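Please open the model in your viewer and keep the selection panel at hand. The tour below proceeds stop by stop, naming what to select and then what is found there.

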There are 2 protein chains.
Amino acid sequence: MASQTEENYLKALFNLANPEGEINISDLAQQLEVSMPTANSMVKNLQKRGLVQYEKYKPVKLTSVGKKEAALIIRKHRLTEMFLVNKMGFGWEEVHEIAEQVEHIHSPKLFERMDEMMGFPTVDPHGSPIPDKQGRIQNLQLKSLIEANPGQEAVLSALADSSTEFLQYLNSRDLKLGTELKILSKEPFDQSMIVSYGSVEKETLSQKVCEKLLVKIFEAN
Amino acid sequence: MASQTEENYLKALFNLANPEGEINISDLAQQLEVSMPTANSMVKNLQKRGLVQYEKYKPVKLTSVGKKEAALIIRKHRLTEMFLVNKMGFGWEEVHEIAEQVEHIHSPKLFERMDEMMGFPTVDPHGSPIPDKQGRIQNLQLKSLIEANPGQEAVLSALADSSTEFLQYLNSRDLKLGTELKILSKEPFDQSMIVSYGSVEKETLSQKVCEKLLVKIFEAN
DNA sequence: ACAATTTGTTAGACTATTCTAACAAATAAT
DNA sequence: ATTATTTGTTAGAATAGTCTAACAAATTGT
C-alpha cells in the first residue's frame with residue numbers, strides 16, 4: 001500500500017500532467033515543496049513500484065496503475081470536500097486543507113457512506129469532477145469564460161483554481177457555481193470582461209479571473 | 001507538534017496508566033506492537049519533549065502536559081466515533097478503526113463542528129467519556145455489573161472493553177447502552193449472573209462479560 | 001555555435017522510527 | 001538467598017524521506 005507521502009506524489013503527478021501526461025521533476029518538486037533530488041529519488045521509487053514510467057533526463061509519466069491510484073485518492077479528496085460543504089456546513093474556501101488530510105484515510109466504508117449520504121455527486125464544491133470507484137473521470141468539456149463573447153450567456157460550472165484567495169474573491173462578489181453570467185462587453189486591450197449576473201448590474205472581471213472561471217456557454221435568447 | 005507516532009504513544013500511555021499513573025515499558029511495547037527497545041527509545045524522546053517523566057528502570061508517567069495532549073487526541077477519537085454512529089449511521093462495532101485514523105487530523109474546526117452538530121455529547125458510543133476542550137475528563141464512577149446483587153437493577157452505561165468481538169456479542173444479545181437489567185441471581189461458583197432485560201426473560205452472563213459491563217446500580221422499586 | 005541558464009542527477013549526510021542481539025537490573029520462585 | 005524469569009537497556013543496523021553540494025545534461029538566447 002502506498003504511504004501518505006507516495007500518495008501525495010501521485011496526486012501531484014496527476015494534477016501537473018500536461019496534455020501528453022508528462023511532468024517535469026522540477027515542477028513536481030516545486031508543487032510538493034521539496035528539493036529536486038528528493039523528488040527525483042521518489043520518482044525512482046514510484047518507478048520501482050510500477051506507478052510511473054521514467055527514464056533519466058526525460059519527463060515522468062504515470063502508468064495506468066499509477067493514474068488509477070491517483071484518481072482514487074482524488075476521489076476521496078473531492079467526496080470529502082463535498083461532504084464538508086453539504087453535510088457539515090463548511091464554506092467552499094475552508095474544505096481543502098481538511099480534505100488534504102482526510103484523503104489519506106483507508107476506509108472504503110467511510111467514503112462509500114459519504115457518497116451515499118450525498119446521493120452520489122459527480123462534482124465537488126468547486127465544480128471539479130469526482131472520479132468514480134474505478135478511477136474514471138468524466139470530461140465535462142467546460143470552457144474558460146474568456147472564450148465567451150458579448151451577447152452570450154454563461155453558467156459558472158467549475159473553477160480552474162480553488163485557492164482560498166480566489167474562493168474568497170468569488171464570495172465577496174457573490175459568484176457561486178450555477179451563477180448565470182451575461183457577457184456585456186470584452187475589453188480588447190486587457191482582455192477584461194464586463195458582465196452582469198443576479199442582482200449585480202455590472203461587474204468587471206480581469207483576464208486573470210475570467211481564465212479561471214469554467215463555464216457552459218449559451219447564445220442568449 | 002507531535003507526530004502521528006508520538007500521538008499513538010501518548011494515547012497508549014494514557015490508556016495503560018494504572019491508578020498511580022504508571023506504565024511499564026513492556027506493556028507499552030505490547031500495546032503498540034513494537035519491540036521493547038523501540039518503546040524505550042520513544043519514551044526517552046517523549047521525555048526530552050516534556051511529555052513524560054522517566055528514569056531508567058522505573059515505570060513511565062505522563063506529565064500534566066502529556067496527559068492533556070493525550071486527552072485531546074482521545075477527545076478527537078471519541079467525537080469521531082460518536083459522529084460516525086449518530087450522523088453517518090455506522091454501527092458501534094465499526095467505528096474504532098476509522099476513528100483511529102481520523103483522530104490524527106489537525107483541524108480544530110472539523111471537530112468543533114462535529115461536536116456542535118451532535119449537541120456536545122459527553123460520552124462516545126461505548127459510554128466512554130469525551131474529554132472537554134481543556135482535556136478534562138468527567139469521572140462517572142460507574143460500577144462493574146459484577147458488583148450488583150440479586151434484586152437490584154442496573155442501567156448499562158458504558159463498556160470496559162470496546163473490541164469488535166465484544167460489541168458483536170452485545171449486538172447478538174440486543175444489549176445496548178441504556179438497557180435496564182434486572183439481576184435475578186448470581187452463581188457463586190463461577191460468578192456468572194442471570195438477568196432479564198427488555199423482552200429477554202432470562203439470560204446468563206459470564207463473569208468475563210459482567211466485568212466489562214459498566215452500570216449504574218439501583219435498588220429495585 | 002557557443003555561452004548562459006535551467007533542469008536533472010549523484011553522492012553523502014541527517015532524522016524518525018523501527019529492528020535484532022547482547023547484556024543488565026529487577027522481580028519471582030524455589 | 002540464590003537461581004530463574006521477566007523486564008529494561010545499549011549498541012548497532014535498516015528503511016523512508018528529507019537535505020546540501022557538486023556536477024552533468026538539456027534548453028535558451030543571442
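How much area is buried between chain A and chain B, and what share of it do carbon and sulfur atoms give? The buried area is about 1,500 Å², and carbon and sulfur atoms give 66% of it; buried area here is the accessible area (1.4 Å probe) that two parts lose on being put together, summed over both. The size of an interface is often given in this way, as the accessible area lost when the parts come together.

Before continuing, please note that this is a predicted model, in which local features need pLDDT of at least 70 and side-chain atom pairs count only at pLDDT 80 or more, while totals for chains, interfaces and linings use all residues. Residues are numbered from 1 along each chain as its sequence is written, chains are lettered from A and ligands numbered from 1 in the order in which they are written, and side-chain values use heavy atoms, with hydrogens and water left out.

**Stop 1: the interface of the two protein chains**

Select chain A and chain B together. Contact, meaning heavy atoms within 4.5 Å, links 19 residues of chain A with 19 residues of chain B. On the chain A side, select A:Met88, A:Gln101 and A:Lys109: these residues lose the most area to chain B, together 34% of what that side buries.

**Stop 2: chain A as a whole**

Now display chain A alone. Its C-alpha atoms fill a box of roughly 55 × 45 × 25 Å along the principal axes. Its secondary structure comprises 8 helices and 9 strands, where helices (H or I, at least four residues) and strands (E, at least two) are DSSP runs numbered from the N terminus. Of its 221 residues, 43% count as buried; buried means under 20% relative accessible area, exposed over 50%, and partly exposed in between (1.4 Å probe, protein chains only).

Colour residues 4–62 as domain 1 and residues 143–219 as domain 2; these bounds come from an automatic or database domain assignment. The C-alpha centres of the two domains of chain A lie 33 Å apart.

**Stop 3: A:Glu6**

Select A:Glu6, which sits in helix α1 (residues 4–16) of chain A. Is this residue buried or exposed? A:Glu6 counts as buried because its relative accessibility is 7%. Its side chain reaches the backbone nitrogen of A:Ser3 at 2.7 Å. Apart from neighbours within four places in sequence, A:Glu6 is in contact with A:Met1, A:Met42, A:Asn45, A:Leu46 and A:Arg49.

**Stop 4: DNA strand C**

Select DNA strand C and the 20 residues around it, of which A:Ser26, A:Asn40, A:Lys44, A:Tyr54 and B:Thr38 come nearest. A residue is near a strand if one of its heavy atoms lies within 4 Å of it. Of the strand C atoms within 4 Å of the protein, 76% belong to sugar or phosphate and the rest to bases.

Which residues can be inspected at the phosphate oxygens of DNA strand C? A polar backbone atom of A:Ser26 is 2.6 Å from one phosphate oxygen, a polar side-chain atom of A:Lys56 lies 2.9 Å from a phosphate oxygen, and a backbone N or O atom of A:Tyr57 lies 2.8 Å from a phosphate oxygen.

**Stop 5: DNA strand D**

Move to DNA strand D, which 21 residues surround, the closest being A:Ser3, A:Thr38, B:Asn40, B:Lys44 and B:Tyr54. Sugar and phosphate account for 74% of the strand D atoms that come within 4 Å of the protein. An N or O atom in the side chain of B:Lys44 is 2.4 Å from a phosphate oxygen of the strand. Polar backbone atoms are found 2.6 Å from a phosphate oxygen at B:Ser26 and 2.9 Å from a phosphate oxygen at A:Ser35. Helix α3 of chain A gives the most to this surface, with 5 residues.

**Stop 6: two loop residues**

Finish with A:Gln141, in the loop between α6 (108–117) and β4 (143–144) of chain A. A:Gln141 counts as exposed because its relative accessibility is 62%, and its phi is positive, about 55°, although it is not a glycine. Most residues other than glycine have a negative phi. Then select B:Asp174, in the loop between α7 (164–172) and β6 (180–186) of chain B: its phi is likewise positive, near 60°.

Terms used
Polar contact = N/O pair within 3.5 Å; in protein donor to acceptor, adjacent residues only side chain to side chain.
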